[in-house]
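I opened my notebook to sort out who pairs with whom in this chain. Here is what I looked up, entry by entry.

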Amino acid sequence: MELFHDGVRVASHARSYGRKGSAVIVDEHRPRAHRDYGKWPPERVVAWAETIGPNVGELARAVMRVDAQVR
């Protein structure tokens, strides 16, 4: 797989033949902030979501499948 910008190759990596809808992302291709968020454990994501509101925390918990309540 190759990615071009204005005719210049800016990134490349082997194609993934994973299941439909899956993605393979090379850390170096992500913005720095996105790389940092990707290293957060699910409990930290849920705790951060709860600072926005209890319903956001519940949604994050459901998405992350974190059973224990994080506070």
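**Entry 1: a cut-off to start with.** Before judging any residue, I wrote down the scale: buried means under 20% relative accessible area, exposed means over 50%, and partly exposed is in between. I also noted that this is a predicted model. I tried the scale on Glu-58: its relative accessibility is 43%, so Glu-58 counts as partly exposed.

**Entry 2: the salt bridges.** How many salt bridges does a search of the whole structure find? I got three. I took the one between Arg-9 and Glu-2 to begin with, where the side chains meet at 2.9 Å, N to O. Arg-9 comes out as partly exposed, at 48% relative accessibility. Glu-2 is partly exposed too, at 44%.

**Entry 3: Arg-61 and Glu-58.** Next I looked at Glu-58, which forms a salt bridge with Arg-61; the closest N and O atoms are 2.8 Å apart. Both residues lie in helix H3, three residues apart, which is about one turn of the helix. That spacing made me check my basics: an α-helix has 3.6 residues a turn, so residues three or four places apart point the same way. I also found a polar contact of 2.8 Å joining the side chains of Arg-61 and Glu-58.

**Entry 4: Arg-61 and Glu-50.** Arg-61 has a salt bridge with Glu-50 as well, and here the closest N and O atoms are 2.7 Å apart. This pair links distant parts of the chain, with Arg-61 in helix H3 and Glu-50 in helix H2 (residues 42-52), 11 residues apart. Is Arg-61 buried or exposed? Its relative accessibility is 8%, so Arg-61 counts as buried. I went back to the Glu-58 bridge, with its 2.8 Å between the closest N and O atoms. Salt bridges that share partners join Glu-50, Glu-58 and Arg-61 into one network.

**Entry 5: the buried side of H2.** Which residues of H2 are buried? My list reads Val-45, Val-46, Ala-49 and Glu-50. They cover an arc of only 135° around the axis, and therefore sit on the same side of H2. I checked what they touch, and the buried residues of H2 pack against H3.

**Entry 6: the two sides of H3.** Helix H3 runs over residues 54-64. Its buried residues are Gly-57, Ala-60 and Arg-61. Looking down the axis of H3, I see them fall within an arc of 100°, so they line one face of the helix. These buried residues pack against H2. Then I turned the model round: the face of H3 turned away from its buried side carries the exposed residues Asn-55, Leu-59, Ala-62 and Val-63. One more thing to jot down is that Arg-65, just after H3, takes a positive phi of about 55°.

**Entry 7: a patch on the surface.** I finished at the start of the chain. Met-1 is in the segment before strand E1 (2-5). Its relative accessible area is 53%, and since exposed means over 50%, Met-1 counts as exposed. Which residues make the nonpolar surface patch of about 390 Å²? I wrote down Met-1, Leu-3, Val-8 and Val-10.

Definitions and conventions: Residues are numbered from 1 along each chain as its sequence is written. This is a predicted model: local features need pLDDT of at least 70, side-chain atom pairs count only at pLDDT 80 or more; totals for chains, interfaces and linings use all residues. Side-chain values use heavy atoms; hydrogens and water are left out. Helices (H or I, at least four residues) and strands (E, at least two) are DSSP runs, numbered from the N terminus. A polar contact is a pair of N or O atoms within 3.5 Å; within protein, one must be able to donate a hydrogen and the other to accept it, and residues adjacent in sequence count only if both atoms are side-chain atoms. Patches are made of residues with over 30% relative accessible area and no salt bridge: like charges are joined within 9 Å, nonpolar side chains (Val, Leu, Ile, Met, Phe, Trp, Tyr) within 5 Å. Accessible areas come from the Shrake-Rupley method with a 1.4 Å probe; for residues, only the protein chains shown count as cover. A salt bridge is a side-chain nitrogen of Lys or Arg within 4 Å of a carboxyl oxygen of Asp or Glu. Buried means under 20% relative accessible area, exposed over 50%, partly exposed in between (1.4 Å probe, protein chains only). The arc is that of the directions from the helix axis to the C-beta atoms. Contact means heavy atoms within 4.5 Å.
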